[in-house]
Structures are given as C-alpha cells and as structure tokens.
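Here is a set of short exercises, each followed by a worked solution. Please look over the structure first, then try each task before you read on.

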Amino acid sequence: MDIVLRASAAFVFVFLLLRVMGRRELSTLEPFDVILLVVIGDLVQQGVTQSDMSLTGMALAVGTFSLLVIVTSWFSFRFKAARKVLEAAPIVILEHGRAVEKNLRAERLTLEEVASAARIQQIASLDEVEWAIVEPSGQISFIPKSSG
C-alpha cells in the first residue's frame, strides 16, 4: 500500500510541476504523456536494476500510474469542471492585430518569439494577423486579417 501512496503523491507532484512549467516547454506532449514516459521508464529501470525494489513493487507502481492517468482522463471527459483544471485552454495573445500583454506574460512569450512562429507559418509580419492563439498543445495558431 505504501507504493500506491508514494506513486500517487509523485503523480500529483509531477503533474503540478509540468503545469507550472507551461505548455510551450512541453511542446506537443501532454503532461500525462510526459509523466508516463519519464516515471514508467524510471520505475521499470529501478525494478530491473535495483535489488531494493521488487518486480511486483515495480508492476504495482506502474499500474498505479496507468490507472491514475485513465481515471484522470475519464474525469476530464465526463466532467467539465475537471476538464478546466486538468487541461489547458487556448490563450489569445494577439487580438485584432494587437498584443494582449497580460496573456503574453502569462505564457512567457515575447513578440519576437510570436513573430518568429508567424514567419515559420509563412506570415511575414504580425500586421497581417487578426488573431494569434496559443493552443493547448503549445503551438501558436495564426488567423490572418480578412482582405475585405
């Protein structure tokens, strides 16, 4: 039972840490993907190489993490309030061609970084952009100004 409690506490800690880090740092990975990749890899390594952790303990810890991800995903799907807490929402960083400074600060982005992302998407200048939105994946979507 101690392994289940330690795995649960580690899951919550790593999840909160990744939420604080921000979505741009995670790029296209979701927080749960990172948690599973890092923690399961480490647990398996410990179970295989360390004599102080049994294979049963490793399987129980990995199973606990997997179950927590499944339960969290189910809560997110089933309850809108849980979804707001567990999943990032899109953030508008340019509105009607103007920077939304508080959102840029919240996402730790500069206009230079936004302009660079726009150039990658073949947008020469931010003057051509009506809206720029940081998506939950960390990617920036650009909606051009209408030509009419």
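**Exercise 1. Find out what share of the contacts in the protein chain between residues at least 6 apart in sequence join residues at least 24 apart.**

Solution. Keep in mind that this is a predicted model.
- Step 1: take the contacts between residues at least 6 apart in sequence; 54% of these join residues at least 24 apart.
- Step 2: look at one pair in space. Glu87 and Pro136 are separated by 49 residues in sequence, while their C-alpha atoms are 7.6 Å apart.
- Step 3: take a second pair. Between Leu109 and Ile93 there are 16 places in sequence and 9.0 Å in space, C-alpha to C-alpha.

**Exercise 2. Describe the order of helices and strands along the protein chain.**

Solution.
- Step 1: count the elements. The protein chain contains seven helices and four strands.
- Step 2: put them in sequence order, which gives α-α-α-α-α-β-β-α-α-β-β.
- Step 3: add the surface. The chain has 148 residues, and 31% of them count as buried. Its accessible surface is about 9500 Å², with 62% belonging to carbon and sulfur atoms.

**Exercise 3. Work out which elements supply the largest nonpolar core.**

Solution. As background, nonpolar side chains tend to be buried together in soluble globular proteins.
- Step 1: start from the members. The largest nonpolar core has 15 residues, and those touching the most other members are Ile93, Val114, Leu126, Ile140 and Phe142.
- Step 2: assign them to elements. At least two residues of this core come from each of strand 1 (91-95), helix 7 (111-120), strand 3 (129-134) and strand 4 (140-144). With four residues, helix 7 gives the most.
- Step 3: zoom in on Val114. Beyond its neighbours within four places in sequence, Val114 contacts Ile93, Leu94, Leu104, Leu109, Leu126, Ile140 and Phe142.
- Step 4: look for a second group. Another core, of 13 residues, lies apart from this one and includes Phe15, Met58, Phe65 and Ala82.

**Exercise 4. Explain why the buried residues of helix 7 are on the same side.**

Solution.
- Step 1: list the buried residues of helix 7, namely Val114, Ala115, Ala117 and Ala118.
- Step 2: consider their directions. They span an arc of only 160° around the axis, so they sit on the same side of helix 7.
- Step 3: ask what covers them. The cover includes strand 1, helix 6 (101-106) and strand 4.
- Step 4: turn to the face pointing away from the buried side, where helix 7 carries the exposed residues Glu112 and Ile120.

**Exercise 5. Compare two residues of helix 4: is Leu67 buried or exposed, and is Ser76 buried or exposed?**

Solution.
- Step 1: place them. Helix 4 covers residues 55-78 and holds Leu67; Ser76 is found in helix 4 too.
- Step 2: take Leu67. Its relative accessibility is 53%, and exposed means over 50%, so Leu67 counts as exposed. Together with Val71, Trp74, Phe75 and Phe79, Leu67 makes a nonpolar surface patch of about 470 Å².
- Step 3: take Ser76. Its relative accessible area is 4%, so Ser76 is buried. Setting aside neighbours within four places in sequence, Ser76 contacts Ala82, Arg83, Leu86 and Glu87.
- Step 4: follow one contact. Glu87 lies in the loop between helix 5 (80-86) and strand 1, and at 40% relative accessibility Glu87 counts as partly exposed. With neighbours within four places left out, Glu87 is in contact with Arg19 and Ser76.

**Exercise 6. State where His96 and Arg108 lie, and give the phi of His96 and of Arg108.**

Solution.
- Step 1: His96 is in the loop between strand 1 and strand 2 (98-99). Its phi is near 55°, a positive value in a residue other than glycine. His96 is partly exposed, at 46% relative accessible area.
- Step 2: Arg108 belongs to the loop between helix 6 and helix 7. The phi of Arg108 is near 55°, again positive in a residue other than glycine. With 47% relative accessible area, Arg108 is partly exposed.
- Step 3: look at Leu109, which lies in the loop between helix 6 and helix 7. At 8% relative accessibility, Leu109 counts as buried.
- Step 4: finish just after helix 7, where Gln122 takes a positive phi of about 65°.

Notes. Residues are numbered from 1 along each chain as its sequence is written. This is a predicted model: local features need pLDDT of at least 70, side-chain atom pairs count only at pLDDT 80 or more; totals for chains, interfaces and linings use all residues. Side-chain values use heavy atoms; hydrogens and water are left out. Patches are made of residues with over 30% relative accessible area and no salt bridge: like charges are joined within 9 Å, nonpolar side chains (Val, Leu, Ile, Met, Phe, Trp, Tyr) within 5 Å. Accessible areas come from the Shrake-Rupley method with a 1.4 Å probe; for residues, only the protein chains shown count as cover. A salt bridge is a side-chain nitrogen of Lys or Arg within 4 Å of a carboxyl oxygen of Asp or Glu. Buried means under 20% relative accessible area, exposed over 50%, partly exposed in between (1.4 Å probe, protein chains only). Contact means heavy atoms within 4.5 Å. A nonpolar core is a set of buried Ala, Val, Leu, Ile, Met, Phe, Trp, Tyr and Cys residues joined through side-chain atoms within 4.5 Å. The arc is that of the directions from the helix axis to the C-beta atoms.
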